[in-house]
Each structure stands twice: as C-alpha cells, then as structure tokens.
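Let's take a walk through this protein together, one piece at a time. Have the sequence and the 3D view ready, and follow along as we go.

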Amino acid sequence: MENEKYRILICEDDPSVNKLLSLTMELEGYAYSAVQTGKSALRELVAGRADLLILDLGLPDMDGSEIIRKVRSFSQLPIIVVSARGESQDKIQALDEGADDYLTKPFSTDELLARLRVSLRRASYTSGNSPSTQATEQFVNGNLRIAFPSNQVFVGQQEIHLTPIEYKLLCLLSENLDRVLTYNFIVKKIWGYHSDDFSDLRVFANTLRKKIGQDEGTSKMIQTHIGVGYRMIKVD
Ligand code: CA
C-alpha cells in the first residue's frame, strides 16, 4: 500500500479527537505518530520524523500560529490545521503563517483524508516531480494554460483577455496550486499593502472566474472559502 511511505504527525490535545485521528491514519495504512503538545510536535519535526503535520490550533502550551512560524523557519512540510468553530481568526492567521489547508471541527474522516491526499500530492509536485514545475515558461492545469513570457492565458484553444489585476491573481493562485490563500495574503501580494477591505478582491475574483470558467473543468477551478480566501484546485 502506497500510504505507508508517508509519516503523518498528529498534534492534538483533546484525547478523543487525537484517538480518532490516530485510528483513521492506522486504518488507512499511514505511518503516524501522535502528540498532545506543541513542544513535542516541534521535537518530532526537528528530528525530521514527519511528512505532514495535522495541527490543532488550540493547544495548551503554545499558540498554533507560533508553531507554524517555527516550523516554516526550517521546513516546507504540508500543515493541515484543525480548528474549532469560532476560532476563524486563528485559522486565518495560521494560513497566513504558511499552513496549507484547514478543517473545522467537527469534520468527517473522508474530508480529512481528501485534504491529506491533496496536501501530500502538492508536497510531491512542489519538490520538483511535476510537469507544472519543470516548465517555468508555462503553467497548465486542465484546460487552463498560462504562457508567462507573453502574459497570455488560454482556456482550451481560446485566448482569454484579463486585466492586470486578474492576471496577477490568476498567477498567484496557480503558483500556490491546491493551497488555500487568505484574503490578507492575496491583497498584500497583489496590491502590496495590508487592508481589511476585501471588496475589490472579491470583484476581481468573480470576474476572473467568469472569464476562465467557460467549460466544466475551469468553472470550478477557483474555489471560494467563505470568510477565508481562495484556492485553485488541480484538475486532471
Ligand atoms: Ca485543542
């Protein structure tokens, strides 16, 4: 079984959720270890004993964002954060610090496993195994193609005309394929400043989606995460 080559680190202080996550990993054949504090998670990660981290944001000893910041100083391993309802600000901060994805409790194990597969796949193609990173001249996802040297965008054979902001947004999403980008992060990258007003971004995201969404594959490519941000999903 292919899953056993991945080592999943679970960091969750609630014993029943920790148990549930562990059992799910065991049944799916993943190698895993489970800890209950931020410190023990960091110890495992520094020792290089994980390929992916499932991180509860409400831990007794450390703030979730602080853990992510520390991890990101030495590792790009995928991080999926798990948060309780009502911790949405924490969740957004965690994504801003470099978490890949999030789940809100209560979540189904199917949902968790789907996110896990996406993050592991993302990790494998960002480390250089994917055709989309080999050719830096263009980006291809399903029917969508971006030709970077000429700033051209195609859906199938047809060229799509984007405004400069729409184009920047599309490039940013494609560079972070399969990853949830927060409104904060996108606004800062595109406009270069911090703002709490995301209404312009929403407008550009909507027009971009309409322009590229001419066939079934591309219409669902850009996902909205309400109150959080956007993600471009990989289409086969
Ligand atoms: Ca907790």
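Start with helix α1, which lies across the three strands β1, β2 and β3 and runs at about 170° to β2. Keep in mind that what you're looking at is a predicted model. Helix α2, residues 38-46, also lies across β1, β2 and β3, and its direction makes an angle of about 160° with β1.

Now for the sheet itself. How many strands does the open sheet have, and in what order do they come? There are 5, lined up as β2-β1-β3-β4-β5, and the pairing is parallel. At the edges stand β2 (31-35) and β5, each with a single partner strand, so each has one side left without a neighbour in the sheet. Going from one strand to the next, the twist averages 15°. You can zoom in on one of these pairings: β1 and β2 run in the parallel sense and are joined over 5 bridges. To see a bridge for yourself, find I10 and look across to its partner in β2, A34.

Next, look for the calcium ion. Which protein residues act as its donors? They are D13 and D56, each through OD, and G58 through O, and they sit 2.3 to 2.4 Å from the ion. Written along the sequence, the spacing of these donor residues is D-x42-D-x1-G. D13 belongs to the loop between β1 (7-11) and α1 (15-28), while G58 belongs to the loop between β3 (52-56) and α3 (64-72), so this pair ties together parts that are 45 residues apart in sequence. Are these two buried or partly exposed? D13 has a relative accessible area of 28%, so it counts as partly exposed. G58 is partly exposed too, with a relative accessibility of 34%.

Our last stop is helix α4, residues 88-97, where K91, I92, A94 and L95 are buried. Imagine looking straight down the axis of α4: its buried residues fall within an arc of 155°, so they line one face of the helix. And what covers those buried residues of α4? The cover includes α3, β4 (79-83), β5 (101-104), β10 (181-182) and α8 (183-191). Finally, slide along to what follows α4: there you'll find G98, whose phi is positive, near 120°.

Conventions. Residues are numbered from 1 along each chain as its sequence is written. This is a predicted model: local features need pLDDT of at least 70, side-chain atom pairs count only at pLDDT 80 or more; totals for chains, interfaces and linings use all residues. Side-chain values use heavy atoms; hydrogens and water are left out. Donors are N, O and S atoms within 2.8 Å of the metal (3.2 Å for Na, K and Ca); water is not among the atoms, so sites may look incomplete. Helices (H or I, at least four residues) and strands (E, at least two) are DSSP runs, numbered from the N terminus. Buried means under 20% relative accessible area, exposed over 50%, partly exposed in between (1.4 Å probe, protein chains only). The arc is that of the directions from the helix axis to the C-beta atoms. Contact means heavy atoms within 4.5 Å. Two strands pair if DSSP finds at least two bridges between them. Axes are lines fitted to C-alpha atoms, for helices over the stretch in contact, and angles run from 0 to 180 degrees between N-to-C directions.
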